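Visitor: I'd like a close look at one helix and what packs around it. Could you walk me through it?

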Amino acid sequence: MTIPEMPPVPCVECNANVMVLRAGKVRPYYSCRGFPRCRGRMSANADGTPRGKPRTLALQAARKAFHDEVRRLQPLKRGNIYEWLAVQLGIPQDECHAGRMGMERAERAVAVLRAATPDTIQGWFDAGKPPGV
């Protein structure tokens, strides 16, 4: 893999160091040059370009909470949960993905998911997908 010349990427957590592109098990990722003192990390595409929104430790925790809530609502299909949630948040379904969410949207998504039950979501589908709140 040839990695293109990239401008320096500042650390999303400490802002004091530059992120370094590293090889991962599945795809490359950026991590803070100050590791292990700083745990700043950001996903990268296969070509080494930054992927998605950079994550701080707080955003990483919010995204984990998001996934925990989605898992709680299964056995509903994950795609159905995301479709319902996108309507509730008033966003396109392709943006209803943890990796594309910033802190504010992730926290709002978690709050909406925590208030939901599998029956609530299934009822929405059974009613013909009425507009969200």
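Guide: Here is a tour of helix H1, with its setting and some ring pairs along the way. A quick word first: this is a predicted model, where local features need pLDDT of at least 70 and side-chain atom pairs count only at pLDDT 80 or more, while totals for chains, interfaces and linings use all residues. Residues are numbered from 1 along each chain as its sequence is written, and side-chain values use heavy atoms, with hydrogens and water left out.

The setting is a protein chain with 4 helices and 3 strands; these are DSSP runs numbered from the N terminus, helices being H or I with at least four residues and strands E with at least two. Going from the N terminus, the order is β-β-β-α-α-α-α. Of the 133 residues, 34% are buried, meaning under 20% relative accessible area with a 1.4 Å probe, protein chains only.

Now for H1, which covers residues 57–72. Its 16 residues reach 22 Å from the first C-alpha to the last, close to the 22 Å expected at 1.5 Å a residue (the expected span is 1.5 Å times one less than the number of residues). The buried residues in H1 are Leu59, Ala62, Arg63, Ala65, Phe66, Glu69 and Val70. They span an arc of only 155° around the axis, so they sit on the same side of H1; that arc is taken from the directions from the helix axis to the C-beta atoms. What covers them includes H2 and helix H3 (103–115), going by contacts, that is, heavy atoms within 4.5 Å.

Phe66 deserves a second look. The whole structure has 2 aromatic pairs, where rings of Phe, Tyr and Trp (its six-membered ring) pair if their centres lie within 6.5 Å, with planes under 30 degrees apart called stacked, over 60 edge-to-face and the rest tilted. Phenylalanine 66 pairs with tyrosine 82 in a tilted arrangement, 5.8 Å centre to centre with 45° between the planes. Because phenylalanine 66 lies in H1 and tyrosine 82 in helix H2 (residues 78–89), the pair ties together parts 16 residues apart in sequence. Both phenylalanine 66 and tyrosine 82 are buried.

For contrast, the rings of tryptophan 124 and phenylalanine 125 have centres 4.8 Å apart and planes at 90°, so that pair is edge-to-face. Tryptophan 124 and phenylalanine 125 are buried too.

Notes:
Buried means under 20% relative accessible area, exposed over 50%, partly exposed in between (1.4 Å probe, protein chains only).
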